[in-house]
Amino acid sequence: MGDWKRTHYCGELRPSHARQKVFVAGWVDRRRDLGNLIFLDLRDHTGIVQVVLNPEISREAHDKGEQVRGEYVLGVEGEVVSRAKHTVNPQIATGEVEVQAQSILVLNEAKTPPFPLDDGARTSEEARLRYRYVDLRRARMQRNLRLRHQASLAVREHMNEHGFLEIETPFLTRSTPEGARDYLVPSRLRHGHFYALPQSPQLFKQLLMVGGFDRYFQIVRCFRDEDLRADRQPEFTQIDVEMAFPQRDELFDIIERLMEKLFALLDVKVERPFPRLPYDEAMERYGSDKPHIGFGLDWKRIALPEAMSGKLNTAPSAKMLRLAEQGHFSRSQLDKVQDLAKASGADWFSYIKTADKGLQSPLVKAVGEPAVETLAREAGMTSGDILLLIGTKADGASVMKARHLDEASGAIRLELAERLGLIKSGGWNFVWVVDFPMFEHNEKEKRFVAMHHPFTSPREEDLPKLETDPAAAKARAYDLVLNGQEIGGGSIRMHRRDVQAGVFRVLGLTEEKARERFGFLLEALESGAPPHGGIALGWDRIIALMAGESNIREVIAFPKTASAVDLMCDAPAPVDPEQLDELGIKIADP
RNA sequence: GGGGACGUAGUUCAGCUGGUUAGAACGCAUGCCUGUCACGCAUGAGGUCGCGGGUUCGAGUCCCGUCGUCCCCGCCA
């Protein structure tokens, strides 16, 4: 830029700068050529200011301006002047002033952009990702990544205040069984051996506790080679947190205060403490382990009287949902709910309406009025209410597990909330879901798998259940949920070797196999491991929620497509045969 | 792996039951224009209808396959 130095940002010029000589630099957002007078909107990361090229001020600047096009990069030297009243533009922050150019410097030319940069112009994601460096200039991405930066600063400040050290952990590490598919990195020095990129720094953070660091956190990239979704990228960021000698409620408090600080960036006041909801209750009432609690529509598990379930040919365990004052639900609306219930896995659906002339329900015919009345009374129905009922078939072979019934109830609840307009925007409904089961039964493999991970501690009172009834054992594991989205999860870890051995037994892992898989961690736990526990927060999801984006790609500078491709640099890509030779790798024919 | 939606000009889209030269808006180029700010006016350029095959006298349109993007299920903490 020669001897020139930028003195101001475009977006900060105000009437108070009037008559000052300034040098601004940026991109040409728009050009309006009136012939002998040219207006340029000059844009940088702070905003837009209007530059006037007037041949009466500078012939040379005006002549150069005739060649200038959109997205050219310019330096402009000129004088800030207040605009005449009738030429003020109230739509932009700098609209009361403009820069009268004395000279302009074309720092770079630019091809016509591949798509319009106006905020609000609709553009296919494909084009945006292909030309991400242009897309990033748009106000939306500038805003989102700025927010992300400020939020990251808040995390570091907050964790530091609470005694947490940010410590880096390796990206080139070892593949661990269980969990997601690993991204593998071949070793040049040991052919046939591979590093794995971490799915999370789980093991390392536990080792840092064993190593005596007491409190650790990291804003860290994690990698999982699984199919993608709107809220899942192959590489994503976690706020990883671990503490020694943990009290669960102290950890919750630290995280709640962190959320408070983050949302303060949006001028949102967060209510603390967050409610805590046992997993079983979440499943019963909301049919989800990540419930949106910003509205009612609570389900209740009931046992149908034997006579009734017999006549209906359903299993006795069922669920009901009382919709207060929704008695106006039409037959066709109820049919739609029924379709949804069936589609989401319920075998049986019915309802009871309270009408002027009494109870109205297809059940009356099937099981008689008194039975229906009993149900209505049990549900606490009053006039104008409607009661939805779902259940499962009676026959043993296709008995749907209670879990599936819960899932159906959750799907119905969300759909109803959507239709009834119960989901308010601008609400921030945090909830801790606690007391997750230790184990989940894998129906395919007919064995228990760890619901969180195999180093999660059971609740003290559930220790005996490891032997007697593993399915009923609850873990000291928890998720943080915001507006029905899981934004974090963690647990208090196991530090007692004997309990760990019991868990391995349930998982069907012999001592030998466990050694083989997790040897170094088990050894570390035997070297004097303090009690420890922590949490990992899904950073991309949190930022997306804060930014009001429904897709985490909008808060990631260079994201990948749903098929894990980087459209900008065209990765993944083939490599030279020499590179493969060095790694001792041959590509198999398809 | 499965399901759904989409793919036409640089961009966003229209194109009906198959029918003559594939359109619009914005953008772009050229010219005119001294108070515009989504400047205006005039003129113009710009198309492998994703790709391959098939049906047909004739395909952007119908069929099959394939590739890509998005969303969902499976998968994944």
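The following paragraphs describe the surroundings of RNA strand B and the packing of helix H14 in a predicted model.

Residues are numbered from 1 along each chain as its sequence is written, and chains are lettered from A in the order in which they are written. Local features need pLDDT of at least 70, side-chain atom pairs count only at pLDDT 80 or more, and totals for chains, interfaces and linings use all residues, while side-chain values use heavy atoms, with hydrogens and water left out.

RNA strand B is surrounded by 48 residues, of which Asp 33, Glu 56, Thr 87, Glu 98 and Asn 551 come nearest; a residue is taken as near if one of its heavy atoms lies within 4 Å of the strand. By class, this surface holds 13 nonpolar, 18 polar and 17 charged residues, where Ala, Val, Leu, Ile, Met, Phe, Trp, Tyr, Cys and Pro count as nonpolar, Asp, Glu, Lys and Arg as charged, and the others, Gly among them, as polar. Of the RNA atoms within 4 Å of the protein, 54% belong to sugar or phosphate and the rest to bases. A base nitrogen of RNA strand B lies 2.5 Å from a side-chain N or O atom of Glu 98, and a base oxygen lies 2.7 Å from such an atom of Gln 50.

Helix H14 (residues 497-507; helices are DSSP runs of H or I of at least four residues, numbered from the N terminus) is mostly covered, with 8 of its 11 residues buried, that is, under 20% relative accessible area with a 1.4 Å probe and protein chains only. Among them are Val 499, Phe 504 and Leu 507. Gly 508, which follows H14, has a positive phi near 80 degrees.

Key:
A polar contact is a pair of N or O atoms within 3.5 Å; within protein, one must be able to donate a hydrogen and the other to accept it, and residues adjacent in sequence count only if both atoms are side-chain atoms. Buried means under 20% relative accessible area, exposed over 50%, partly exposed in between (1.4 Å probe, protein chains only). Helices (H or I, at least four residues) and strands (E, at least two) are DSSP runs, numbered from the N terminus.
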